[in-house]
Structures are given as C-alpha cells and as structure tokens.
Amino acid sequence: MGPILIAALLAAAPAVPPDLAAAVRAYDEAQVKGDRAALERLLADDYTLVNSAGATETKAELIRDYTAPGFTLEPFTVEQPIAKVWPGGAVMGGVALLRGMDGGKRYEARLRFADIWAKRGGRWQVIYTQAARAPAGG
C-alpha cells in the first residue's frame with residue numbers, strides 16, 4: 001500500500017520532500033490500521049474533512065470513525081495522483097477505491113480526494129480533506 005502510493009506521488013511530482021512522503025505514507029497506514037495515536041499526530045487539531053456526502057467532520061469525529069469497533073479499511077492504491085508542493089504546504093490527492101466494513105456492513109466507495117498538508121512546528125499534518133464520489137475510470 002504505502003510504497004505504491006509513494007512511488008506514484010514521486011513520479012507525479014519529484015519535488016515531494018522525503019519527510020512529506022513519509023508523513024503521507026504514515027497517514028495512509030494509520031487509516032488502514034485504525035491507529036489512534038498516529039492519527040492524533042498526523043491530523044492537525046483544526047483539521048476539517050468535507051466527506052463525499054458533503055458533511056463536515058472534525059479531527060475527533062474522523063478518529064472516532066476510523067477507530068470504531070467493527071470499522072475496517074482495506075489497503076488501497078491511489079490512482080491519478082496529484083502532488084502540489086510549496087514551502088510549508090502541499091496538496092496530496094488522487095482517486096482511491098476504498099473498501100472495508102462499517103457497523104457489520106460491507107462498503108465500497110471510489111473517491112477523488114485532496115488532502116491539504118501544512119508543515120507546523122517542523123512536522124507535516126493534514127489540515128483539510130475534501131472527498132467526492134468519482135465515477136468508475138474517472
């Protein structure tokens with residue numbers, strides 16, 4: 001999962017700093033593993049998610065969802081990667097087919113997403129995510 005994403009991002013934008021690439025990989029792994037401590041570290045306290053239903057969520061709500069009993073997220077690959085980097089900030093995104101279980105029910109969603117990253121206090125954190133349904137092949 002992680003190496004595929006990093007390779008795609010580096011191919012899309014060779015200027016991705018190694019510490020940002022490592023943070024992106026750690027964030028993807030934290031989501032898949034439901035790793036509360038890593039999510040706490042990698043999401044900014046003022047984090048906002050606008051999910052594919054158009055609803056907003058806070059850092060606490062996202063962490064609650066990803067660490068809830070019965071919630072799983074299978075490893076995923078980011079297609080059509082987007083990487084835009086500037087001093088102290090970045091947009092990292094693309095399209096991913098997300099699959100897993102939630103509340104005993106199987107889910108599958110193909111989403112186009114953009115994570116906005118900021119380097120604060122010497123470390124990269126996600127400050128905002130926008131996700132929208134993506135059509136098959138698009």
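Visitor: What share of contacts in the protein chain between residues at least 6 apart in sequence join residues at least 24 apart?
Guide: This is a predicted model. Take the contacts between residues at least 6 apart in sequence. Those joining residues at least 24 apart make up 51%.

Visitor: How many helices and strands are there in the protein chain?
Guide: Read along the sequence, the pattern is α-α-α-β-β-α-β-β-β-β-β. The count for the protein chain is four helices and seven strands.

Visitor: What percentage of the 138 residues in the protein chain is buried?
Guide: Buried means under 20% relative accessible area. Among the 138 residues of the protein chain, the buried share is 41%.

Visitor: Which strand pairs with strand 7 in the antiparallel sense?
Guide: Strand 7 covers residues 123-133. Ten bridges hold the antiparallel pairing. One of them sets Gln-130 of strand 7 against Ala-114. The partner, residues 105-120, is strand 6.

Visitor: Which residue in the turn between strand 6 and strand 7 has a positive phi?
Guide: The two strands form a hairpin, with two residues between them. One residue in the turn has a phi of about 60 degrees. That residue is Gly-121.

Visitor: Does strand 1 run parallel or antiparallel to strand 7, and what stands opposite Leu-43?
Guide: Strand 1 spans residues 43-50, and four bridges join it to strand 7. The two run parallel. Opposite Leu-43, in strand 7, stands Val-126.

Visitor: Is Arg-133 buried or exposed?
Guide: Arg-133 has its place in strand 7. Its contacts beyond four places in sequence are Ser-52, Glu-108, Ala-109, Arg-110 and Leu-111. The cut-off for exposed is over 50%. Arg-133 has 55% relative accessibility, so it counts as exposed.

Visitor: What distance separates the C-alpha atoms of Arg-133 and Asn-51?
Guide: Along the chain, Arg-133 and Asn-51 are 82 residues apart. Their C-alpha atoms are separated by 9.3 Å.

Visitor: What kind of aromatic pair do Tyr-27 and Trp-117 form?
Guide: The structure holds three aromatic pairs. In this one, the ring centres are 5.9 Å apart and the planes stand at 85 degrees. Planes over 60 degrees apart count as edge-to-face. So the pair of Tyr-27 and Trp-117 is edge-to-face.

Visitor: Which parts of the structure does the pair of Tyr-27 and Trp-117 tie together?
Guide: Both Tyr-27 and Trp-117 are buried. The pair ties together parts that are 90 residues apart in sequence. Tyr-27 and Trp-117 lie in helix 2 and strand 6.

Visitor: Which residues form one aromatic cluster?
Guide: One member, Tyr-66, is also a buried residue of helix 4. The cluster is formed by Tyr-66, Phe-71 and Tyr-107.

Visitor: What arc do the buried residues of helix 4 cover around the axis?
Guide: The buried residues of helix 4 are Lys-59, Leu-62, Ile-63 and Tyr-66. They lie on the same side of helix 4, because their arc is only 95 degrees.

Visitor: Which exposed residues does the other face of helix 4 carry?
Guide: The buried residues of helix 4 pack against helix 2, helix 3, strand 1, strand 2 and strand 3. The face turned away from the buried side carries Ala-60 and Arg-64.

Visitor: Which strand gives the most to the lining of the largest pocket?
Guide: The largest pocket has a volume of about 750 Å³. Its lining has 34 residues, and among those nearest the centre are Leu-49, Tyr-66 and Leu-98. With seven residues, the element that gives the most is strand 6.

Note on methods
Residues numbered from 1 in each chain as written. Predicted model: local features only at pLDDT ≥ 70, side-chain atom pairs only at ≥ 80, totals over all residues. Heavy atoms only, no water. Pairing = 2+ DSSP bridges. Buried < 20%, exposed > 50% of the residue type's maximum accessible area, 1.4 Å probe, protein only. Contact = heavy atoms within 4.5 Å. Phe/Tyr/Trp six-rings, centres within 6.5 Å; stacked < 30°, edge-to-face > 60°. Arc of directions from axis to C-beta. 1 Å grid on protein atoms, 1.4 Å probe; cavity = no way out; pocket = protein on both sides within 12 Å on 5 of 7 lines; lining within 4 Å. Points joined across faces, edges and corners; volume = space filled by probe spheres on them.
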